[in-house]
Amino acid sequence: VAYGYLPTSQDDCSPLDIRNETLGHVKNQGQISWCFAFTASDMLSYTFDKQRISAADVALNYNESLVGRIMSTVDPNGTPHETGFTKVALIKAMKDGLCPESVFPSEKWIKVTNGIEEEILMPVAMKEISELHKKRKELTEKNLPFYFKFKNIDAKNFLSYLQTKHLRNFYQSLRLKACENDRESFDARWKTKMVFRNKGIFRRVNEQLELGRMVGLDYDSRILENRQHRGVKLSELHTSGIVGRRWNEERKSCEYLIRDSRGIQCTRYDQSYDCHEGQLWLGESEIYGNMTSIVYMLSTPRR
């Protein structure tokens, strides 16, 4: 595996850092497996230079795609379906339009109990909503113990959506109502491309970085905690963005800056990595030995 790829030479590994203010801090997906949507939202925000795009909206919209509907269920923990393909998420989002993070947050939701507001981590909020949904037939505006507040959503709307038969329909109604006045469409000339691991994969990564484009990386997450890990297990698949490049003189290897979606802390990663605010440098052999594919966006000429 270590020698199965064409390594990037030092001459072709000049320093690059494509991050900008649009990306902002690294968001935290928490205990919900929406890494594909968090990466897709970063890629869309960066590509179109928009205010931060809601990863929660991207994930829930993905669940309405053909592949999403085939796979989609409400998981036992009460959260919507949690895994997906970044390419499909990008295509579906660009087709249907995107909602700002400020309108439909992806990290914390505002819970209102007896008029008192508090911020709750989104996965925790979803579990509370799931438990409330089980009692939906008993609920009225008078005995509703709490609701989650969004733009265009008050207690009455929340209760109305909660009383639908399927919890997945609740989440779709919630995001559509919250974002109805803020959803934006995008330039249809932009397409997405997925490339599976091959010996020339880093040439493709470097081409995109040099064009100033963010690259989505699909890989085994265990490499993040154990630098020596090699191999891919489907249950461990993870997606992050590639936003930079540099040459490591000590290792004689090109390295890439991985923008994860676990917040700004570095304590969860192998401590031998150079990590800063949730972004860490991985070498080509480490990436290649654990990756499955890359995804990126490209524009097509006007007709």
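Trainee: Which hand does the crossing of helix 5 and helix 7 have?

Mentor: Right-handed, in this predicted model. M126, I129, S130 and H133 of helix 5 make the contact with L167, F170 and Y171 of helix 7. By class, five of the residues in that contact are nonpolar, two are polar and none is charged.

Trainee: What are the angle and the distance between those axes?

Mentor: The axes of helix 5 (residues 122-133) and helix 7 (residues 167-178) cross at roughly 125°. They come within 11 Å.

Trainee: How are helix 5 and helix 7 set to each other, then?

Mentor: Oblique. Roughly perpendicular ends at 115 degrees and roughly antiparallel starts over 145, so an angle of roughly 125° falls in the oblique class.

Trainee: Other helix pairs. What about helix 1 and helix 4?

Mentor: Helix 1 and helix 4 (residues 86-96) pack at about 50°, and their axes are 9 Å apart. That makes helix 1 oblique to helix 4. The crossing of this pair is right-handed.

Trainee: Which residues meet there?

Mentor: From helix 1, F36, A40, M43, L44 and F48. From helix 4, T86, A89, L90, A93 and M94. The class count for this contact is nine nonpolar, one polar and no charged.

Trainee: Switching to the core. How many residues are in the largest nonpolar one?

Mentor: The largest nonpolar core has 86 residues. W34, F104, W109 and F158 have the most contacts inside that core. Helix 1 (residues 35-48) gives the most to it, with eight residues.

Trainee: Why would nonpolar side chains end up together?

Mentor: In soluble globular proteins, nonpolar side chains tend to be buried together.

Trainee: Take F158. What does F158 touch?

Mentor: Leaving out residues up to four places away in sequence, F158 touches I129, L132, L144, F146, Y147, F148, I153 and F170. Two of those names came up before: I129 of helix 5 and F170 of helix 7 are in the contact of those helices.

Trainee: Where is I201, and is I201 buried or exposed?

Mentor: I201 is in helix 8 (residues 201-210). It counts as buried, at 1% relative accessibility. Beyond four places in sequence, I201 touches V195, F196, Y288, M291 and I294.

Trainee: And how far is I201 from K252?

Mentor: 18 Å, C-alpha to C-alpha, with their positions 51 residues apart in sequence.

Trainee: What stands out in the backbone at K252?

Mentor: K252 has a positive phi of about 55°, although it is not a glycine. Most residues other than glycine have a negative phi. K252 lies in the loop between strand 7 (237-248) and strand 8 (253-259). With a relative accessible area of 53%, K252 is exposed, because the cut-off for exposed is over 50%.

Trainee: What is phi at N152?

Mentor: Near 75°, a positive value in a residue other than glycine. N152 sits in the loop between strand 4 (147-149) and helix 6 (155-162). It is partly exposed, at 27% relative accessible area.

Trainee: Last one. Where is K108, and which residues does K108 contact?

Mentor: K108 lies in strand 2 (residues 108-113). Setting aside neighbours within four places in sequence, K108 is in contact with E119, I120, L121 and M122. K108 counts as partly exposed, at 42% relative accessibility.

Trainee: How far is K108 from V124?

Mentor: Their C-alpha atoms are separated by 9.0 Å. Along the chain, K108 and V124 are 16 residues apart.

How values were computed. Residues are numbered from 1 along each chain as its sequence is written. This is a predicted model: local features need pLDDT of at least 70, side-chain atom pairs count only at pLDDT 80 or more; totals for chains, interfaces and linings use all residues. Side-chain values use heavy atoms; hydrogens and water are left out. A nonpolar core is a set of buried Ala, Val, Leu, Ile, Met, Phe, Trp, Tyr and Cys residues joined through side-chain atoms within 4.5 Å. Buried means under 20% relative accessible area, exposed over 50%, partly exposed in between (1.4 Å probe, protein chains only). Helices (H or I, at least four residues) and strands (E, at least two) are DSSP runs, numbered from the N terminus. Contact means heavy atoms within 4.5 Å. Axes are lines fitted to C-alpha atoms, for helices over the stretch in contact, and angles run from 0 to 180 degrees between N-to-C directions. Angles under 35 degrees count as roughly parallel, over 145 as roughly antiparallel, 65 to 115 as roughly perpendicular and the rest as oblique. A crossing is left-handed if the near helix is turned anticlockwise from the far one by less than a right angle, and right-handed if clockwise. Ala, Val, Leu, Ile, Met, Phe, Trp, Tyr, Cys and Pro count as nonpolar, Asp, Glu, Lys and Arg as charged, and the others, Gly among them, as polar.
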